[in-house]
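Let's take a walk through this structure together, starting with the overall fold and ending with a few individual side chains. Have the 3D view ready as you read.

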Amino acid sequence: MGSNCQCEELKELLETMRRIEDKLDRAGLSVLADVDLSSTLSSLMKLLTEPKVIDLIDKLTKILNMLSLINPSLLITLTYSLNCLNASVNNADLLNPPEVTIDDLVKELSKPEYSRALGIMLIMLKNTAKCIEGGTHAEGSST
């Protein structure tokens with residue numbers, strides 16, 4: 001029941017903010033006098049001091065701190081790759097994949113169109129192994 005109450009307070013707060021924005025768009029700052037901002041700010045402070053909200057903010061902060069440690073080019077490459085892979089998941093071939101032998105795999109992997117993807121995978125594999133072994137420096141391509 002407490003969660004439902006928080007949702008109602010949040011809805012009221014958002015509605016008040018929407019009304020303020022609408023009034024600013026129509027008439028400018030002078031119309032703010034008829035909006036009870038102290039009540040709105042009080043509701044916002046109450047909502048932000050709820051233990052669940054504080055815990056959520058703490059978790060989000062930790063996630064953002066972890067994301068800040070990721071190399072931007074790695075993040076871009078992974079995001080692009082995941083988007084590309086996600087588009088191919090809907091392919092009907094995935095529902096009925098062919099059986100592949102080791103010879104088939106070697107032949108496919110020797111194609112030039114796979115060389116960059118394999119290069120990225122090898123760099124990540126080497127660096128992951130070094131990190132697991134406790135190495136302080138992971139190697140990468142300097143180009």
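The paragraphs below move from the whole chain to its helices, its surface and its charged pairs.

A word on confidence comes before anything else, since this is a predicted model. The chain has a mean pLDDT of 74, and 71% of its residues reach 70 or more. Confidence varies along the chain: helix H5 (residues 102-109) has the highest mean pLDDT of the elements, at 88, while helix H1 (residues 2-27) has the lowest, at 67. Where pLDDT is low, predicted coordinates should not be read in detail. Please keep that in mind when your eye falls on helix H1, with its mean of 67.

Now for the fold. The secondary structure comes to six helices and zero strands, so tracing the chain along its sequence gives the pattern α-α-α-α-α-α. How many of the 143 residues count as buried? The share is 7%. For a residue to be counted there, its relative accessible area must be under 20%.

With that in mind, let's turn to the surface. A nonpolar patch is formed there by Leu56, Leu60, Ile63, Leu64, Leu67, Ile70, Leu74, Leu75, Leu78, Ile120 and Met124, which together have about 890 Å² of accessible area. Three elements each give two or more residues to this patch: helix H3 (51-68), helix H4 (72-89) and helix H6 (115-132). Which of them supplies the largest share? That is H3, with five residues. Leu60 is a good residue to pick out, as it lies in helix H3. Its relative accessibility is 45%, so Leu60 counts as partly exposed, because that category covers values between 20% and 50%.

Helix H3 also carries charged pairs. Side chains of opposite charge can pair when their charged atoms come close. In the whole structure, a search finds three salt bridges. One of them joins the side chains of Asp55 and Lys59, at 3.2 Å from N to O. Both residues lie in helix H3, four residues apart, which is about one turn of the helix. Asp55 counts as partly exposed because its relative accessibility is 36%, and Lys59 counts as partly exposed at 48%.

Another salt bridge brings together the side chains of Asp58 and Lys62, at 3.3 Å from N to O. Why are Asp58 and Lys62 separated by about one helical turn? They are four residues apart in helix H3. Asp58 has a relative accessible area of 37%, so it is partly exposed.

Move along the chain to Glu108, which forms a salt bridge with Lys111; here the closest N and O atoms are 3.1 Å apart. Glu108 is partly exposed, with a relative accessible area of 31%. Lys111 also counts as partly exposed, at 31% relative accessibility.

What about the cysteines? The count of disulfides comes to zero, where a disulfide would need a pair of cysteine sulfur atoms within 2.5 Å. Are Cys84 and Cys131 exposed or partly exposed? Cys84 counts as partly exposed because its relative accessibility is 45%, whereas Cys131, at 52%, counts as exposed.

Our last stop is helix H6, which you met as a contributor to the nonpolar patch. H6 has 18 residues and reaches 25 Å from its first C-alpha to its last, close to the 26 Å expected at 1.5 Å a residue. Following H6 you will find Gly134, whose phi is positive, near 90°.

Methods. Residues numbered from 1 in each chain as written. Predicted model: local features only at pLDDT ≥ 70, side-chain atom pairs only at ≥ 80, totals over all residues. Heavy atoms only, no water. Patch = residues over 30% accessible without salt bridge, like charges linked within 9 Å, V, L, I, M, F, W, Y side chains within 5 Å. Areas by Shrake-Rupley, 256 points an atom, 1.4 Å probe, with all protein chains shown as cover. Salt bridge = Lys/Arg side-chain N within 4 Å of Asp/Glu carboxyl O. Buried < 20%, exposed > 50% of the residue type's maximum accessible area, 1.4 Å probe, protein only. Expected span 1.5 Å × (residues − 1). pLDDT = per-residue confidence, 0-100.
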